[in-house]
Amino acid sequence: MGKIVVVGSGASGVHFALTLLRKGHQVIMLDVGKLPPKIVSPEDSFIDLKSGLDDPVDYFLGANYEAVIFPDFESEYYGFPPDKNYVFSKLDSLLLEASGFAPLMSFARGGLAEAWTGGVYPLSDQDLKQFPFSYADLEPYYAEVAKRIGISGQQDDLVRFYPLHDNLLPPLELDTHSEILLAQYQHHKNYLNNSLKCFLGRSRVATLSVDMQTRKRCGYTGRCLWGCPTESLYTPSITLNHCRKYPNFTYTPNMYVTHFNFNTNRRVTAVIAESLDTRQLCEFSCDSLALASGTLSSSKIFMDSIFKKTGDIIRLRGLMDNQQILVPFINLKMLGRKYNPDTYQYHQIAMGIQCDRYNEYIHGQITTLKTAQIHPIIQEMPLDLPTSILLFRYIHAALGILNINLQDTRRDENYLTVEATPDSLRSRLIIRYLPSPSEADRIRKSIKIAKKALLRLGCVVPPGMIHIRPMGASVHYAGTVPMSENKLGLTTSGLCQSHDFENLYFVDGTAFPSLPAKNLTFTLMANAVRVAENAF
Amino acid sequence: MSSLKTLFITGGSGFIGSRLLQEIDPADFKLIYCLTRKGMPSEFQKSKTDNIHFVKGDLLDPKIYEPYISASDIVVHLAAVTGKARAESYFRTNDLGTQVLVKQCEKFNVAHFLYVSSIAAKFLDISNYPYALSKKQGEDAVTSSHLNYTILRPTIVIGKDSGTWDGLVRLSKGPLFLVFGDGKARIQPIYVDDLADCILSIITRGLFFNKIIELGGPEDISIENFQRQIRRVYYSDAPRAVHIPLKFLIPVLRFSEKFLLPVLPFTAGQLSSFRYDGTTDNHGPFLDCQLNMASIEQMVTDVASEEQNEIRRWALIRECKTFSAYLVNQTPSLYIQEKYIDAHKKRAYDLQYAMSPFDRMIIKAARLSPFVTKLVDIYSRYFLRYSVFRKKLVLLLAILENSAPYHTYFDSANCSNKALLIIKIFWRVSCFPFFLLVSIPILGPLHIGSMIFARIAHRSKKQWAK
């Protein structure tokens with residue numbers, strides 16, 4: 001059995017590696033692998049932290065107060081907690097320039113999903129229309145991943161959008177706010193289903209509702225946003241730790257992969273990585289190479305490898321990302337109630353809307369805001385701050401946010417390329433993104449339907465508070481070297497095998513030919529398992 | 001047996017003493033006793049106090065400090081009455097106090113005695129300068145003892161919180177540039193940290209030669225030029241000096257002191273520094289040290305910036321207190337105040353550098369009271385949404401919501417009576433337009449005026465650049 005090098009320890013990389021390890025392959029994983037800070041007081045609840053820590057401001061706002069969100073033109077309703085800064089911390093070795101796109105890249109051990117919200121939604125046949133396989137082909141791998149990571153959910157109206165796979169755990173305990181929303185949905189189901197084509201149900205989350213092996217079920221301490229202290233919320237570093245128990249696995253952190261070498265037969269022979277400890281280039285020979293470092297990084301490695309060998313600068317077209325819209329709302333039935341921070345903090349309810357105008361599915365996740373920072377919301381209220389605080393105290397329990405995701409398709413005007421720099425070791429990654437001409441209309445239409453649906457659920461959207469996030473903010477990047485049945489250059493086979501280099505595989509979003517509205521991480525993991533099972 | 005020595009310091013909380021304690025590494029000594037009138041100073045770092053003990057007492061009450069003197073190897077005598085005081089007060093502490101201390105040291109055979117006197121003790125005529133006379137008499141008490149001593153006569157000592165520095169700044173910063181006398185008297189300022197270093201060096205190297213050592217900074221300068229250096233830190237102008245004749249002023253002051261001392265800005269004796277040269281004739285063992293001492297320009301800049309930082313710090317504390325009263329109707333704890341100040345350092349780009357002149361003005365006004373803060377907040381919500389003022393309020397809000405017990409203020413209120421809730425909300429919300437209408441005519445014209453002024457200034461700057 002050959003030696004397989006995997007680049008990146010994110011959601012795709014670790015599940016790809018684990019599948020290969022179980023089959024007895026020798027796997028070397030190269031990764032930058034930035035480590036998280038130590039978990040603070042794992043037994044304490046969110047409220048206990050505020051009163052129990054010696055320096056709570058340092059924990060919640062960061063040593064440099066980086067989590068304070070000041071009034072700004074583009075300020076968000078919630079930022080990343082300081083404990084998760086390592087997930088998005090930059091790397092000096094990477095140079096990039098972006099236009100129309102706000103890229104986020106991770107060099108953390110476990111990748112971007114170390115800071116995810118755990119949304120796991122299988123793609124339906126309609127979502128997979130442009131993929132060279134159907135849901136039935138992918139279903140066993142969804143079930144396998146569900147078995148590995150633990151997914152809570154249930155069969156409800158959303159099954160029409162999220163097919164039901166095996167190994168689903170019972171759903172998590174609902175908070176009062178979400179219970180009321182679901183009750184309202186049942187009450188107005190006819191109108192919502194028939195007039196708006198809007199469906200509500202439990203979201204599928206990679207959080208344990210029951211104990212699973214060494215991982216404990218969710219303790220409802222309210223610390224989800226601040227980093228689950230008990231590993232109930234799945235992150236890829238859990239699977240990485242599992243992989244590291246295999247004798248045929250070598251994990252090499254502090255390695256920034258710059259390119260690969262290939263021979264005249266267009267076979268990858270070795271991977272070149274810069275050691276971040278010594279700043280020396282290291283060479284790792286391989287029989288096969290799997291790029292799993294995320295669409296931007298994997299594409300850059302691919303382009304740089306061709307550029308270094310041939311001098312050709314290529315352009316990878318079709319970059320995709322989900323447009324995200326944040327719609328804050330107030331649930332009138334929750335006004336004046338006491339909020340309970342000791343509950344699950346991420347989305348417990350999902351919303352699916354079939355939009356006829358664009359014949360597309362609009363995906364929404366409803367988060368009932370409880371332990372997010374208060375100051376970003378209060379500063380946006382149209383009153384002076386003390387009055388806003390007073391008002392906030394009455395509406396705190398009633399606040400929620402609907403996070404809408406829109407699908408994206410591959411378009412030639414959105415591309416990645418590289419640019420030579422005076423430093424021969426490094427090139428600059430260039431990202432260009434232009435929204436489609438119908439984008440503004442799609443957004444408007446989606447907001448309109450969402451507002452109508454929310455109103456029917458007894459919620460009002462405060463004027464002027466809807467936030468359209470910049471492209472790149474969803475961090476669901478895909479599509480630059482897509483799967484294609486035709487053996488064209490700069491594409492892959494149905495098993496994500498490059499048509500340019502026969503022993504090169506793209507096991508992350510790079511090979512996705514379209515980007516459905518649903519969060520893609522679950523499909524990334526399932527697809528990586530599929531490739532590992534069938535191509536090796 | 002340990003070779004570490006025990007130190008007894010008088011005036012440890014004073015201007016020079018506090019700097020000396022900052023420079024000292026307590027690990028170099030077995031024990032350090034500090035005799036102060038008020039016990040341990042609040043600003044003293046507790047972490048440093050493992051072998052530093054503060055003794056509350058008076059120099060003239062030897063029974064209190066006798067046990068500590070008896071256990072000490074070296075005595076550093078810094079305690080003194082300086083600045084503006086009655087003659088009796090100078091003599092009580094500087095002369096009599098020194099005599100009592102010297103006697104105690106002789107009684108318990110203290111090995112070494114360091115007395116910090118003043119360069120004023122060598123002025124030509126000190127008969128009308130009680131401070132200098134008391135210091136001279138203090139020196140005599142030391143020199144006539146059996147102790148193994150060193151007497152230091154520092155020149156004018158410059159540092160934050162120094163009375164001399166404050167007086168010179170007041171003279172130099174005012175609309176009139178006042179200089180007493182002809183301004184030609186020469187001084188040789190020494191930075192307080194350099195003086196503390198030299199004292200430490202005498203203690204650790206055992207430089208006790210039964211001598212008087214004069215100690216000054218690396219440069220000498222006329223007093224008028226020194227005042228000009230101070231002015232330059234604050235203003236770019238070079239005004240003509242207004243000289244006040246000492247011949248006239250000294251007799252008037254001497255007469256007035258008898259009745260009006262509390263209201264006089266200074267005494268006749270203090271003006272002697274403007275009359276006689278205050279430079280050194282020798283440096284004894286510290287000639288080499290002068291190379292590393294702060295130059296006049298360095299010390300003036302450092303002290304001024306240290307003072308500015310202190311002023312800024314107090315302004316931020318006041319701001320924090322007012323804003324906290326406005327936001328949550330509570331006094332901020334020391335923890336909140338320190339965090340607020342720290343955030344201004346860490347996010348200086350957002351909170352300091354991006355400040356417009358109008359921002360500066362409204363922040364100063366808002367510090368005055370929570371009511372003014374309310375007016376400015378309401379105005380800025382619509383007309384200065386991204387201003388530094390609002391950022392400061394949001395910063396404090398963020399700190400408060402994450403600290404106990406303030407975070408409970410943001411907890412949701414349980415209100416089951418919806419009608420009452422709506423009335424409450426309606427009342428609070430309806431006050432907002434009223435205050436907005438009040439704030440617009442007050443702040444609006446100033447805001448527009450500052451924008452016009454900024455645009456004119458920008459244009460003329462551009463034209464000048466061309």
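## A walk through the two-chain model

Tyr162(A) touches Tyr121(A), Pro122(A), Arg204(A), Ala350(A), Met351(A), Tyr361(A), His363(A) and Lys518(A), leaving aside residues up to four places away in sequence. This is a predicted model, and Tyr162(A) is our way into it. Look for Tyr162(A) in the loop between strand 4 (151-152) and strand 5 (168-169) of chain A. Its relative accessibility is 1%, so Tyr162(A) counts as buried, the cut-off being under 20%. You can also set Tyr162(A) against Val120(A): the two are 42 residues apart along the chain, and their C-alpha atoms are separated by 9.6 Å.

Stay in chain A a little longer and find Cys496(A), in the loop between strand 21 (467-468) and strand 22 (504-506). Cys496(A) has a phi near 65°, which is a positive value in a residue other than glycine. Is Cys496(A) buried or exposed? With a relative accessibility of 0%, Cys496(A) counts as buried.

Now let us move to the place where the chains meet. The size of an interface is often given as the accessible area lost when the parts come together. Here, about 4300 Å² is buried between chain A and chain B, and carbon and sulfur atoms give 61% of that area. Which three residues of chain A supply more of the area it buries against chain B than any other three? They are Tyr65(A), Phe70(A) and Tyr394(A), which supply 18% of it. In terms of residues, the contact takes 47 from chain A and 44 from chain B.

On the other side of that interface is chain B, with 15 helices and 13 strands. Along the principal axes, the C-alpha atoms of chain B fill a box of roughly 90 × 60 × 50 Å. Chain B has 466 residues, and buried residues make up 52% of them. Among the contacts in chain B with a separation of 6 or more, 76% are between residues 24 or more positions apart.

Two loop residues give a closer look at chain B. Thr280(B) sits in the loop between helix 8 (246-260) and helix 9 (296-328). With a relative accessible area of 13%, Thr280(B) is buried. Setting aside residues up to four places away in sequence, Thr280(B) touches Ile119(B), Lys122(B), Thr155(B), Gln188(B), Glu214(B), Leu215(B) and Gly216(B). The other residue is Gly217(B), in the loop between strand 11 (211-215) and strand 12 (221-222) of chain B. Gly217(B) is buried too, with a relative accessible area of 0%. From Gly217(B) to Leu253(B), the separation is 36 residues in sequence and 30 Å in space, C-alpha to C-alpha.

Next, turn to the helices of chain B. Two packed helices are described by the angle between their axes and the distance between the axes. Helix 9 and helix 14 of chain B pack at an angle of about 70°, with axes 10 Å apart. Helix 9 of chain B is therefore roughly perpendicular to helix 14 of chain B. From helix 9, the contact is made by Leu316(B), Glu319(B), Cys320(B), Phe323(B), Ser324(B), Tyr326(B), Leu327(B) and Val328(B). Helix 14 contributes Phe389(B), Lys392(B), Leu393(B), Leu396(B), Leu397(B) and Leu400(B). Sorted by class, this contact between helix 9 and helix 14 of chain B has 11 nonpolar, 1 polar and 2 charged residues.

Helix 14 (residues 388-401) of chain B also meets helix 13 (residues 370-383) of chain B, where the axes come within 10 Å and cross at roughly 115°. Helix 13 and helix 14 of chain B are therefore roughly perpendicular to each other, and the crossing is left-handed. The residues in contact are Thr373(B), Val376(B), Asp377(B), Ser380(B) and Arg381(B) of helix 13 and Phe389(B), Arg390(B) and Leu393(B) of helix 14. By class, the contact of helix 13 with helix 14 of chain B has 3 nonpolar, 2 polar and 3 charged residues.

Two loops complete the tour. In the loop between helix 9 and helix 10 (334-346) of chain B lies Asn329(B). Its phi is near 60°, a positive value in a residue other than glycine. Asn329(B) is exposed, with a relative accessible area of 66%. Finally, Pro405(B) is found in the loop between helix 14 and helix 15 (418-465) of chain B. The peptide bond from Ala404(B) to Pro405(B) is cis, with omega near 0°.

Definitions and conventions. Residues are numbered from 1 along each chain as its sequence is written. Chains are lettered from A and ligands numbered from 1 in the order in which they are written. This is a predicted model: local features need pLDDT of at least 70, side-chain atom pairs count only at pLDDT 80 or more; totals for chains, interfaces and linings use all residues. Side-chain values use heavy atoms; hydrogens and water are left out. Axes are lines fitted to C-alpha atoms, for helices over the stretch in contact, and angles run from 0 to 180 degrees between N-to-C directions. Helices (H or I, at least four residues) and strands (E, at least two) are DSSP runs, numbered from the N terminus. Angles under 35 degrees count as roughly parallel, over 145 as roughly antiparallel, 65 to 115 as roughly perpendicular and the rest as oblique. A crossing is left-handed if the near helix is turned anticlockwise from the far one by less than a right angle, and right-handed if clockwise. Contact means heavy atoms within 4.5 Å. Ala, Val, Leu, Ile, Met, Phe, Trp, Tyr, Cys and Pro count as nonpolar, Asp, Glu, Lys and Arg as charged, and the others, Gly among them, as polar. Buried means under 20% relative accessible area, exposed over 50%, partly exposed in between (1.4 Å probe, protein chains only). Buried area is the accessible area (1.4 Å probe) that two parts lose on being put together, summed over both.
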